[in-house]
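Q: I'm new to this structure and would like a close look at one part of it: the aromatic rings and what sits around them. Could you walk me through that?

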Amino acid sequence: MTIVSGRAVPAVSNSTRFSRKPAPFAAFLLALWLALIAGVTATPAGAAEKSYTVTSADGVAIAVQEAGRADGQPIVFIHGLLGSHLNWEKQLQSAALSNYRLITFDLRGHGVSGKPESAEAYRDGRLWAGDLRAVLQGAKARKPILVGWSLGGAVITNYVAAYGDDDLGGLVYVGGVVELKPDLLQPQPKAYAGLASQDLKTHLDAVRDFLSLCFETQPDRRSFERLLANAATASWLMTRSVPSMTVSAADALPAIKVPVLMLYGEQDALVKAQASLARAKALNPAIRSTVYAKSGHAPFLEEADRFNEDLASFSKTVPLP
């Protein structure tokens with residue numbers, strides 16, 4: 001695990017002298033210098049307090065970020081297609097989740113993580129599961145609660161299929177992809193065809209359309225533009241390859257022993273909420289579920305306060321490691 005290095009602080013000779021009563025501006029500079037030498041930097045609300053990279057089994061560099069209480073129970077957030085750690089800003093800012101160790105990361109092909117140039121690096125679901133395993137091992141996260149949005153739910157499923165759930169505390173699917181099958185996904189042929197296009201204008205227009213489909217209640221303009229810019233940085237090869245990604249739901253879901261909560265928005269324009277829940281519960285009747293009547297595909301953003309409270313309540317039912 002390679003931790004991002006801190007700032008270098010120049011040495012100060014023993015001959016340096018400060019007056020007993022520095023002028024106001026000099027006092028400000030002194031205070032700033034002392035803060036820097038102590039390693040203290042200002043952190044915007046919701047920003048990561050610690051960033052580092054881990055390396056997956058096939059050599060892909062995965063960018064990891066942490067916030068919250070370093071000694072708190074870990075919650076690991078896994079974003080969806082065309083997302084990144086930036087999706088979870090409202091969770092990092094949440095008072096309801098402030099006592100937890102909040103870990104985010106960028107999936108392969110997304111954000112500032114590595115972007116392999118082989119389609120197979122995205123089609124094999126076990127490789128995405130390996131990314132998550134590298135994050136959990138690199139973070140030394142004991143009995144974490146995994147929260148997977150959309151495609152992130154499929155990553156959780158593939159992780160359980162490959163490694164089991166003995167090292168996990170609980171699972172939360174948010175608008176989660178149970179299987180990449182037409183009967184569980186809303187038909188959006190124009191958006192998906194555009195995402196697969198190699199024409200720049202067509203692709204970028206499809207990225208905007210896809211992002212808009214994530215929300216029944218659209219974000220404010222500034223937030224939407226940030227998410228749009230973020231989505232446009234994702235690997236085109238990854239975007240074209242993901243529809244063929246393997247998802248081992250039939251193997252994983254029946255074997256899950258830890259608590260599972262599935263949250264969907266009733267207005268979801270990308271995933272069929274009721275059909276996905278029916279399929280998941282057919283494989284594992286112990287799964288708990290909640291449907292947010294006013295939300296689309298992203299209830300953790302559209303009804304963030306409610307989601308954060310629900311996540312905190314679920315987390316309290318998970319035994320501490």
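A: Sure, let's start with the whole chain. Buried residues account for 48% of its 321 residues. Keep in mind that this is a predicted model. The mean pLDDT is 88, with 85% of the residues at 70 or more. Two stretches are worth treating with care: residues 1–23 have a pLDDT below 50, and the model gives that stretch 17 contacts beyond near neighbours in sequence. Residues 25–46 are also below 50, with 15 such contacts.

As for the general layout, the chain has 13 helices and 9 strands. Take the contacts between residues at least 6 apart in sequence: 76% of them join residues at least 24 apart. On the outside, the accessible surface is about 15400 Å², and carbon and sulfur atoms hold 55% of that.

Now for the rings. A pair of aromatic rings is described by how far apart the centres are and by the angle between the planes. This structure holds 7 aromatic pairs. In one of them, Tyr122 and Trp128 have ring centres 6.2 Å apart and planes at 55 degrees, so this pair is tilted. How buried or exposed are these two? Tyr122 has 0% relative accessibility, so it counts as buried. Trp128 is also at 0% relative accessibility and counts as buried.

Tyr192 and Phe210 make another pair, this one edge-to-face, with 6.1 Å from centre to centre and 65 degrees between the planes. Here the pair links distant parts of the chain: Tyr192 belongs to helix H6 (residues 189–196) and Phe210 to helix H7 (residues 200–213), and the two are 18 residues apart. Their surroundings are not alike on paper: Tyr192 counts as partly exposed because its relative accessibility is 32%, while Phe210, at 6%, counts as buried.

Then there's a bigger gathering to find on the model. Phe77, Trp88, Trp149, Phe300 and Phe307 form one aromatic cluster.

Thr104 gives you a handy way into that neighbourhood. Leaving out residues up to four places away in sequence, Thr104 touches Ala63, Val64, Gln65, Phe77, His85, Trp88 and Leu92. Two names there, Phe77 and Trp88, are also members of the cluster. Thr104 itself lies in strand S5 (residues 101–105), and it counts as buried because its relative accessibility is 1%. Its side chain also makes a polar contact with the side chain of Gln65, at 2.7 Å.

From strand S5 you can step across to strand S4 (residues 74–78), where you'll find Pro74. Pro74 is buried, as its relative accessible area is 5%. What does Pro74 touch once neighbours within four places in sequence are left aside? The answer is Arg101, Ile103, Ala141, Arg142, Pro144 and Ile145. Pro74 and Leu102 are another pair to look at: 28 residues separate them in sequence, yet their C-alpha atoms are 6.0 Å apart in space.

One last ring to look up has a charged partner. Arg306 lies over the face of Tyr292, 3.9 Å from the ring centre.

Technical notes. Residues are numbered from 1 along each chain as its sequence is written. This is a predicted model: local features need pLDDT of at least 70, side-chain atom pairs count only at pLDDT 80 or more; totals for chains, interfaces and linings use all residues. Side-chain values use heavy atoms; hydrogens and water are left out. Rings of Phe, Tyr and Trp (its six-membered ring) pair if their centres lie within 6.5 Å; planes under 30 degrees apart count as stacked, over 60 as edge-to-face and the rest as tilted. Buried means under 20% relative accessible area, exposed over 50%, partly exposed in between (1.4 Å probe, protein chains only). Helices (H or I, at least four residues) and strands (E, at least two) are DSSP runs, numbered from the N terminus. A charge sits over a ring if NZ of Lys or CZ of Arg is within 6 Å of the ring centre and within 35 degrees of the ring normal. Contact means heavy atoms within 4.5 Å. Accessible areas come from the Shrake-Rupley method with a 1.4 Å probe; for residues, only the protein chains shown count as cover. pLDDT is the predictor's confidence in each residue, from 0 to 100. A polar contact is a pair of N or O atoms within 3.5 Å; within protein, one must be able to donate a hydrogen and the other to accept it, and residues adjacent in sequence count only if both atoms are side-chain atoms.
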